Structure formats: C-alpha cells, structure tokens
Amino acid sequence: MANRRDLKHAINNICGELFAECVAVSLYGKGNKENSKALLTSILVINSDYIQRVSHQEPGMKAKSFYNDLIKNFNKQVGELSDQISNLNS
C-alpha cells in the first residue's frame, strides 16, 4: 500500500484532471452552465472529503481494509463524475 502522501497526491491529481475537463466542456461545449457549476462544486467537495478521510482512519477498523474501501469508493465516485461530465456536452 502506498503511503498517505502518495494517496493524497493521487486524489489531488485525479480531481484536478476532472476539474479541468469539466471547465473545458463548460467553456467549449453547448451544455448547461448550471450543471457544470454543480459538477465543479461536487468535484471540490469530493476532493476535500477524501483528503480529510485519508488523514483520519476509522477507529477500530484495520488500516488495509479502510484504505481499500476508501480507494474503491473514490474510484466509484470518479467514474460517476466522469460519466456526468461526458453527458454535459449532449
């Protein structure tokens, strides 16, 4: 398992890429601006939430299972956000 710093960098990089993609779609696409603003806000909230969760492990939970669950949930939310960004342009 990677250390916390590497995990935080990965979360920040992924959220940064999603944010940039959403901005590009909202600027150059014909999608709804309000939906893109809501997506941008949700990306920032997810980034903040997961960075905080990396630093504070659940008490009573094994570290490996906690981080595996954290990564699984983060990947699931990133997939959902990616789908929403791709649907903005349609």
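## Helix α1 and the nonpolar core

Helix α1, a DSSP run of H or I with at least four residues, numbered from the N terminus, covers residues 4-28 and spans 36 Å from its first C-alpha to its last over 25 residues, close to the 36 Å expected at 1.5 Å a residue, where the expected span is 1.5 Å times one less than the number of residues. The model is predicted, so that local features need pLDDT of at least 70 and side-chain atom pairs count only at pLDDT 80 or more, while totals for chains, interfaces and linings use all residues. Residues are numbered from 1 along each chain as its sequence is written, and side-chain values use heavy atoms, with hydrogens and water left out.

Buried residues of α1 (under 20% relative accessible area, 1.4 Å probe, protein chains only) are Leu7, Ile11, Cys15, Leu18, Cys22, Val25 and Ser26, and their cover includes α2 (33-55) and α3 (63-88). Ser26 has a relative accessible area of 14% and is therefore buried, and its side chain reaches the backbone oxygen of Val23 at 2.9 Å.

Contacts (heavy atoms within 4.5 Å) are tabulated for two residues, leaving aside neighbours within four places in sequence.

| Residue | In contact with |
|---|---|
| Ser26 | Lys33, Ser36 |
| Ile43 | Cys15, Leu18, Phe19, Cys22, Leu81, Ile85 |

The largest nonpolar core (buried Ala, Val, Leu, Ile, Met, Phe, Trp, Tyr and Cys residues joined through side-chain atoms within 4.5 Å) has 20 residues, and those with the most contacts inside it are Ile11, Cys22, Ile43, Leu70, Phe74 and Ile85. Helices α1, α2 and α3 are the elements that give two or more residues to this core, and α3 gives the most, with eight residues.

Note on methods. Buried means under 20% relative accessible area, exposed over 50%, partly exposed in between (1.4 Å probe, protein chains only). A polar contact is a pair of N or O atoms within 3.5 Å; within protein, one must be able to donate a hydrogen and the other to accept it, and residues adjacent in sequence count only if both atoms are side-chain atoms.
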